[in-house]
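Please examine the sequence and the structure shown below. The paragraphs that follow lead through them step by step.

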2 protein chains.
Amino acid sequence: MADGYHHGNLRAAVLERAAEVITEKGPYGFSLRSLAADLGVSHTAPRYHFGSREGVLNALATEGFTELADRLRINRDARGGFLEAGVVYVDFAIDFPAHFTVMFEPSLLDQDDPGLRAARVAAFAELRSGVESLAEEGRGVADGPAAVVAGWSIVHGLATLALTGNLDVSGVRELFGDTDLPTITRRSAGLLFGPSDPPPDNEVE
Amino acid sequence: MADGYHHGNLRAAVLERAAEVITEKGPYGFSLRSLAADLGVSHTAPRYHFGSREGVLNALATEGFTELADRLRINRDARGGFLEAGVVYVDFAIDFPAHFTVMFEPSLLDQDDPGLRAARVAAFAELRSGVESLAEEGRGVADGPAAVVAGWSIVHGLATLALTGNLDVSGVRELFGDTDLPTITRRSAGLLFGPSDPPPDNEVE
DNA sequence: GTCCGGAACTATACAGCGGCAAGTTACCAC
DNA sequence: GTGGTAACTTGCCGCTGTATAGTTCCGGAC
């Protein structure tokens, strides 16, 4: 395939490189032309596969929702429960920062894309089932809707703050010493619906 | 001042219009040139006041941190407590959506700007004091650092999800009927550190 | 009153960008 | 070998941010 004229696997290569660039410089720093130059193809080659710049971002978001849904489903099948679903959510954001950023920034996307809509619906369904698993854990709360919002908000907020560096720049991260993010997630989200373990001794207070 | 040549109050006008555009089309749909055209000045006029496109966004972010700190301080002076500090945070995001978006997206900003740093430090100090007011409420939690992260994350996550429209598009908003956002905030964040009120009857379950 | 300096703009130029239309290459089926 | 099609390239357009040089206007010094 890769014969000097045809790249052979351009679609996948574009998505991979786009994710790298967005991770480094944010969605605004991502340009189709410099991306094409990086891959050694003409500046309109990506357009053939994605139609537009927005098309690349849509593809990334779709990939992201699919991956997130997969991970949440695996956790559900393993009876991971609410807290571990939260860890899965935050871990996903750290593993796929560019995808996560694009997924939740609708101004970057074409909302009418059916593929995107379907992937998002599937992911949201898994997400809600994660919070609803609280009932199975015998920790059901009186205010169901509030529990869904609280559960989603706390992990989404934590993921967003960690990803954008605001956890570090605010000094909040220092409070935890060198505790890793999954542990921080468990301890913080654990405050939501039940008693939490006391913090270890090796931390700043 | 406004003599046909000199605008007279261009700096403020640029910030106001920039906030409008970003609110409508997101931070990536905002262009200096179209903004200058809207205001009837040459396309380099904004550059005189802000140096660059980034400079406009930095000014917006600085304004935002200052406003947020002010609101949080007023709540603290009024002994509003943790939950109302959370409502203040979410309300701020709704009242100043463009500012909020830019404030927490570092890839849009020049982090070395001293004015921005100072405003952010002041706002974060107020923020932490909001969570720490939990102790005064006699609802102190064993895990202090986790409480700070949990408190901030839940309101930041809720504000972000509401602002980006993800609360609506996910169907989560429907669970609350036409309940307003401050109430949703109180009920959700209220699950964090204490018992919550049961939901009213007029909601979907 | 006029001279001068600085603040607040405009004019012009340039490279990089996304999108579009038309042309090119390589393969594959027949 | 011929036709068709998928995967590209080339050339162009208007828009964008940035840089530099020039213009307008106000205010104070004298």
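How many residue pairs are in polar contact across the interface of chain B and chain A? The rule finds 4 such pairs, both residues being at pLDDT 80 or more; a polar contact is a pair of N or O atoms within 3.5 Å, where within protein one must be able to donate a hydrogen and the other to accept it, and residues adjacent in sequence count only if both atoms are side-chain atoms. This is a predicted model, in which local features need pLDDT of at least 70, side-chain atom pairs count only at pLDDT 80 or more, and totals for chains, interfaces and linings use all residues. Residues are numbered from 1 along each chain as its sequence is written, chains are lettered from A in the order in which they are written, and side-chain values use heavy atoms, without hydrogens and water.

The rule also finds 2 salt bridges across the interface of chain B and chain A, a salt bridge being a side-chain nitrogen of Lys or Arg within 4 Å of a carboxyl oxygen of Asp or Glu. In one salt bridge, the side chain of B:Arg187 meets that of A:Asp143 at 2.6 Å, N to O.

In total, 49 residues of chain B are in contact (heavy atoms within 4.5 Å) with 48 residues of chain A. B:Tyr28, B:Pro145 and B:Leu191 supply 15% of the area that chain B buries against chain A, more than any other three residues; buried area is the accessible area (1.4 Å probe) that two parts lose on being put together, summed over both.
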